[in-house]
Amino acid sequence: MLLLRAVTGRRLPLPLPRRAWSRTGAARFAAGSPGPGGTGRAAPVLAALLGLGAVLAYGDRRRRTAQAAQAPRYPRYTREEVGRHRSPQDRVWVTHGTDVFDVTDFVELHPGGADKILLAAGGALEPFWALYAVHSQPHVLELLREYKVGELSPEEAPPAAAATGDPFAGDPPRHPGLRVNSQKPFNAEPPAELLAERFLTPNELFFTRNHLPVPAVDPGSYRLRVEGPGGRALSLSLPELRSRFPKHEVTATLQCAGNRRAEMSQVRPVKGLPWDIGAISTARWGGARLRDVLLHAGFEEQREGEWHVCFEGLDADAGGAPYGASIPYGRAVSPAADVLLAYEMNGEELPRDHGFPVRVVVPGVVGARSVKWLRRVAVSPAESPSHWQQNDYKGFSPCVDWDTVDYKTAPAIQELPVQSAITHPRPGAAVPAGELTVKGYAWSGGGRPVVRVDVSLDGGRTWRVARLAGERPPPERAWAWVLWELRAPVAAGAELEIVCKAVDGSYNVQPDSHAPIWNLRGVLSNAWHRVRVSVRD
C-alpha cells in the first residue's frame, strides 16, 4: 500500500500496488488507451495535463461517503500563502474553488510529466483543467479531495482593481500558464512544454504580443474603413463584413520577429523583450479575404508602380497615435496569399488579446504586420508611416550599433527565415536512460514548406532525421508549422547536447550559431536550437 502524507500530518492511504503507478500505465489510463493488445484510440499524453483525477481514479472510492459525514476542520490560507508552495522543496500546493491541496507526492507520478503539473504550482487548477475534457468526469473532484490540506480564507478576495488612471486597467484576464515577458503592455508566451503538444494552439495559450493597451471595442458600433486612391471608400460594420463576403478559413502560424531573442542576447546584449522559443503559435483563422474586400471597393488586381496596403489598429498611445503596419499591394490582392480580415480564431470569436472584433492575418509574414483591432485599411503609394513599420522590425549587420543605426537603410521585415526549436526535453533536464523522445516545431516564412528537420544528440557531430507531422499544404502555401519528433536510445550517465535545424522547400537552412546573425534589436533569431540534458540511471 502506498502511503502519502500531507502537510497536516494525516496519512492518506491509497491502496495501489507500486506497479500501478508506472508512468506508462498511468498515461494509458489518462489517455483512454486500453494498453497492449487493445483496440482503443491513443490520445496524447498531454490529455493528462494536470489530470490528477486520471490517476486518482485508481483510489478507493468506498470511503468518500463516510468522510463526507465526518468532514474535518481545515486550516485557512490566503492565496499569497498558497503561492509560496511552488516546488517540491517548499511543497507543491494548488487550489480548486476555495479548497487547497498538497500534491507534492504526486508530482513525479504525474502521467504528463512533472513539468506539466508544476505549471499550476502555487495557483489555481481551473485554468489548466479547462483545457482538457478529461477533467469533466464527475469522479475527478471527489478523488482530488484526498489531497486536501486546507481552505482559502473567507475574506480572500480577487486582486484589487487597477487604478482608474491606468491605461492598462481594462486589459482582459489572461491564462496563468503563460510565461510573461512584460505586464504593461502585456507580452507573454506559452510554456515551451506545451508548444508542440497540439497542432493548433489553444486560444488562451496563443502567444500575446501587445504594443499598447488593449482597446475595449463595442461590436455594435464597430466600423471598418477601407479607402485609398482608385477605389471607393467603404465603412463596414461587423455584420456587414460577415454577410457581404464569403467566409474563408486558413490555418496559419504567426511568429514574432523577436522569437528566440533571449538566445541572441547571450552573444551580446540586444534591445527588446527576452522571448524564449514560444513567441510563435498556430490557429485556424476565419474571416473575409482582404482581396475580396479590396475588389469590392473597386481596387484593381494589378497596379503600376509601388503600392502598399496600410493597416491601423484601434490601440493607440497617449498621444492618439495608433499601431500600424503595411504589406505590399500584390500580396494583399493575391488569391494565393490568403490574407484575411479575421473575426474567428479556432472556431470562436477573436479573444480581446488577439484583436476582437477584427484583425488582419497575413500568412507567412512576420506577426507585426497582422494588425489587431483593425479600424482602417488604406491603399497607399507609400508604406505605413507608423513607427513600427519605419523604425522597428528591421534587421541589420552585426557591425551596426545604436550610434550608427539608420533605419532608412533597411527594408521592413516581411517574410521570415526558416525556424525550428526543441520543446522537449527542456534545458537542464535529467532524462531516463533507454529511449529518448525529442519533440519540437519547425516553420518557414513565405509559404515555403519545411521538408526536413535534422536532430543531433552530440552537438552537431552526427545527425538523424526527425519524423514530421502536420497538415499537407498546397505548394507554396505552407502557412502552418510542422511538429516533429525523434526517438533514439540513450545510455545512463551520458551528457547530451541536443541540436535541431530545419530545411525548407527552397533548401534554406538555419545557421549554426547566432554570432553571424546578431543584430541590435535581436530579431530574426533562427540559429540551431541547442538543449543540454543529462541521462540518469
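**Exercise 1. In the hairpin of β17 and β18, find which residue takes a positive phi, and then establish which strands pair with β17.**

Solution. In this predicted model, the hairpin of β17 and β18 has two residues between the strands, and N346 takes a positive phi near 55°. The two strands of the hairpin, β17 and β18 (residues 348-349), run antiparallel and are joined by two bridges, with M345 standing opposite E348 in β18.

The next step is to follow β17 to its other partners. Strand β14 (residues 280-289) is joined to β17 by five bridges, again in the antiparallel sense, and G287 has A342 of β17 as its bridge partner. Strand β19 (residues 359-361) pairs with β17 over three bridges, also antiparallel, and here L341 stands opposite V360.

**Exercise 2. Decide whether β17 is mostly covered or mostly exposed.**

Solution. Strand β17 spans residues 340-345, and six of its six residues are buried, so under the cut-off of 20% relative accessible area the strand is mostly covered. For the chain as a whole, buried residues make up 54% of the 537 residues.

**Exercise 3. Locate the largest nonpolar core through the residues with the most contacts inside it.**

Solution. The largest nonpolar core has 56 residues, and L294 and L374 are those with the most contacts inside it. Leaving out residues up to four places away in sequence, L294 touches V226, F299, V309, A332, V333, V377 and V379. Apart from this core lies another, of 23 residues, which includes L436, V490, I498 and V535.

**Exercise 4. Characterise the aromatic pair of F207 and W275, and determine whether its members are buried or exposed.**

Solution. A search of the whole structure finds eight aromatic pairs. In one of them, F207 and W275 meet edge-to-face, at 6.2 Å centre to centre and with 90° between the planes. This pair links distant parts of the chain, 68 residues apart: F207 lies in the loop between α8 and β10, and W275 in the loop between α10 and β14.

For burial, the cut-off is again 20% relative accessible area. F207 has 7% relative accessibility and therefore counts as buried, and W275 is buried as well, with a relative accessible area of 1%. Both residues belong to one aromatic cluster, formed by F206, F207, W275 and W285.

**Exercise 5. Find which charged ends sit over the rings of F186 and W463.**

Solution. Over the ring of F186 sits the charged end of R174, 4.0 Å from the ring centre. Over the ring of W463 sits the charged end of K501, at 4.7 Å from the centre.

Definitions and conventions. Residues are numbered from 1 along each chain as its sequence is written. This is a predicted model: local features need pLDDT of at least 70, side-chain atom pairs count only at pLDDT 80 or more; totals for chains, interfaces and linings use all residues. Side-chain values use heavy atoms; hydrogens and water are left out. A nonpolar core is a set of buried Ala, Val, Leu, Ile, Met, Phe, Trp, Tyr and Cys residues joined through side-chain atoms within 4.5 Å. Buried means under 20% relative accessible area, exposed over 50%, partly exposed in between (1.4 Å probe, protein chains only). Contact means heavy atoms within 4.5 Å. Helices (H or I, at least four residues) and strands (E, at least two) are DSSP runs, numbered from the N terminus. Two strands pair if DSSP finds at least two bridges between them. Rings of Phe, Tyr and Trp (its six-membered ring) pair if their centres lie within 6.5 Å; planes under 30 degrees apart count as stacked, over 60 as edge-to-face and the rest as tilted. A charge sits over a ring if NZ of Lys or CZ of Arg is within 6 Å of the ring centre and within 35 degrees of the ring normal.
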